[in-house]
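Here are some notes for a colleague opening this structure for the first time. Please keep the sequence and the model side by side while reading.

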Amino acid sequence: MSAARSGTAERRDAEGPGADLLAALLDGMDAALCAFDADGAVTHWNKEAERILGWSAEEAVGRRGFEGWAARPADAVEALARLMAAMEAPGRLVNEFALVRKDGGRVLVRTQSAGVRGADGKPAGVYCAFSEVHAQIDLERSIALSEALFDDASWGVVLVDVDLRPTVVNGHAARVMGAGRTTLLGRPLGELIAQGVEELESALEHVLAEGAPKGAAEVWVTLRTPEGERRRCWRSGFVRLASPLAEEPVPLGVGWLFQDVTEERLAEQEADRLRFRYSQLHRGGAVAAECEDPKEAATVLLDFALAGFADHALVDVAAGERRLVRVAATPTGEPGPVVPVAGGGIPLRYPSGHPVLQALSRTGPVRASAPATAGPQAAEDWATTRHWPRDAVHALCLPLRSRGRTVGAVTFLRSGSRTAFERPDAVYAEAVAVRVAASLDLAGATGAGTGTGTGTDTASGSDSGSGPGSGSGSGWPGRR
């Protein structure tokens, strides 16, 4: 056996620098590698093979097969036969068998072997790469996990490079973003996300610089889609990707995993909003019940209702047929409580088709907003012509009904910094209007009114056409 090893060393010396280069390449490989000649003698044995089995190259090279050193006698013959079968077979053969470490322990290895042919084309030996089975299984699990994430995962997975551009996008992420998997690659995130991209890119940059955060983060974004912009909430987790081959960790990018939780968050927000609004309604009712003056009770109810709901509230009461008089309003210059209007009694001249008149005619809420394309001056003119504060952009008008009669109207207004009124807002406003109407009706019935005739029919025929809505179709159902 020593003669065989000596002959191998002599061949390497004769081959000169080429053999040294080959030995250096083999020893630098991450995979364990050995080679056998046509007779089954070990000709090459690298450092990784030594690490796994404990046998050095000097101890391995020149031995025939594994018998007597790297395998039990019962396994050695079969192991060598299965390895040498690759010399005649096309392609590579994969085998698993147990080998013996130098310290006596056994290790299960998985081998990939292929035949080597000489200059004459005839089989000259076999080379074999092997690794511990558990390490190979770990690698296969990692590969399988990656493939599953990018094919079958029920959440979005995006790999982003150091320039914050997507390099890999799974199918779920592409569907959530409303684009194809390949169309997203290499494009800046700002081309897809209209709002919220700064927050998302800041999170990605933090992960690249500092590492992954401890918990998940929720990011609200507005997506650009062929159907228009969509507001979405993504619950996101991030991991920094670093090269395992570099001496020091070199960031390759960020793995971004996310789920679309928009519906859940919107439902939570709506539930919170409803709880707050009806808590305000309850508190306002409790305070209003302690007011001796029913007019004050009406303004108290509106003060509580305005919190988080609208910027302004206007109260008009019926002063005869087809006439309305402004009796209470919030300040126009700055936020403040609803207060009585000084010098009331002059009917408002609402133009035909005004939202308040529509609400009275329909006996239901009416929503209105300034044109979306209108500039600041046009929006101010839109509000001014309707006798509203100049910053009003969205309006919700409701009739005040009590005891089967229309006793007036209430208008809620929002500025441009708020969203337009929606159906749930109108439902809440109707609950407020019922209470306000009851207080105003009580004020008229007890003589605590403003002198405008609330709850009574004081309009004369001679001036019934000079008030609001004087024109065809501008009235509202008569009070009974």
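The points below deal with a cavity, a pocket, a surface patch and two backbone angles.

1. Before anything else, please bear in mind that this is a predicted model, and that residues are numbered from 1 along each chain as its sequence is written.

2. I would begin with enclosed space, since rolling a probe the size of a water molecule over the atoms shows where empty space is left. A search of the whole structure turns up 1 cavity of 30 Å³ or more, and the largest cavity holds about 60 Å³ of space. Its lining is made up of Pro-166, Met-177, Leu-184, Arg-187, Pro-188, Leu-189, Glu-191 and Leu-192, which by class gives 6 nonpolar and 2 charged residues, with no polar ones.

3. Turning to open space, the second largest pocket contains about 480 Å³. It has 16 lining residues, and those closest to its centre are Leu-266, Gln-269, Arg-273, Thr-419 and Glu-422. Sorted by class, the lining of this pocket comprises 8 charged, 5 nonpolar and 3 polar residues.

4. Which helices each supply at least two residues of the lining of the second largest pocket? They are helix H9, spanning 262-288, and helix H13, spanning 423-445, and of the contributions to this lining that of H9 is the most, at 5 residues.

5. Helix H9 deserves a second look, because Leu-274, which is placed in that helix, is partly exposed with a relative accessible area of 36%. Together with Tyr-278 and Val-427, Leu-274 makes a nonpolar surface patch of about 230 Å². Patch members need over 30% relative accessible area, a cut-off that the 36% of Leu-274 satisfies.

6. Two backbone angles are worth checking, given that most residues other than glycine have a negative phi. Leu-164 has a phi near 65 degrees, a positive value in a residue other than glycine, and this leucine sits in the loop between strand S6 (156-160) and strand S7 (166-169). Arg-403 is likewise not a glycine, and has a positive phi of about 50 degrees; its place is the loop between strand S16 (392-402) and strand S17 (405-415).

7. Are these two loop residues buried or exposed? Leu-164 counts as buried, because its relative accessibility is 8% and the cut-off for buried is under 20%. Arg-403, by contrast, counts as exposed, because its relative accessibility is 60% and the cut-off for exposed is over 50%.

Key:
This is a predicted model: local features need pLDDT of at least 70, side-chain atom pairs count only at pLDDT 80 or more; totals for chains, interfaces and linings use all residues. Side-chain values use heavy atoms; hydrogens and water are left out. On a 1 Å grid over the protein atoms alone, a cavity is a set of points where a 1.4 Å probe fits but cannot get out, and a pocket is an open set with protein on both sides within 12 Å along at least five of seven lines; lining residues have an atom within 4 Å of a point. Grid points are joined across faces, edges and corners, and a volume is the space filled by probe spheres set on the points. Helices (H or I, at least four residues) and strands (E, at least two) are DSSP runs, numbered from the N terminus. Ala, Val, Leu, Ile, Met, Phe, Trp, Tyr, Cys and Pro count as nonpolar, Asp, Glu, Lys and Arg as charged, and the others, Gly among them, as polar. Patches are made of residues with over 30% relative accessible area and no salt bridge: like charges are joined within 9 Å, nonpolar side chains (Val, Leu, Ile, Met, Phe, Trp, Tyr) within 5 Å. Accessible areas come from the Shrake-Rupley method with a 1.4 Å probe; for residues, only the protein chains shown count as cover. A salt bridge is a side-chain nitrogen of Lys or Arg within 4 Å of a carboxyl oxygen of Asp or Glu. Buried means under 20% relative accessible area, exposed over 50%, partly exposed in between (1.4 Å probe, protein chains only).
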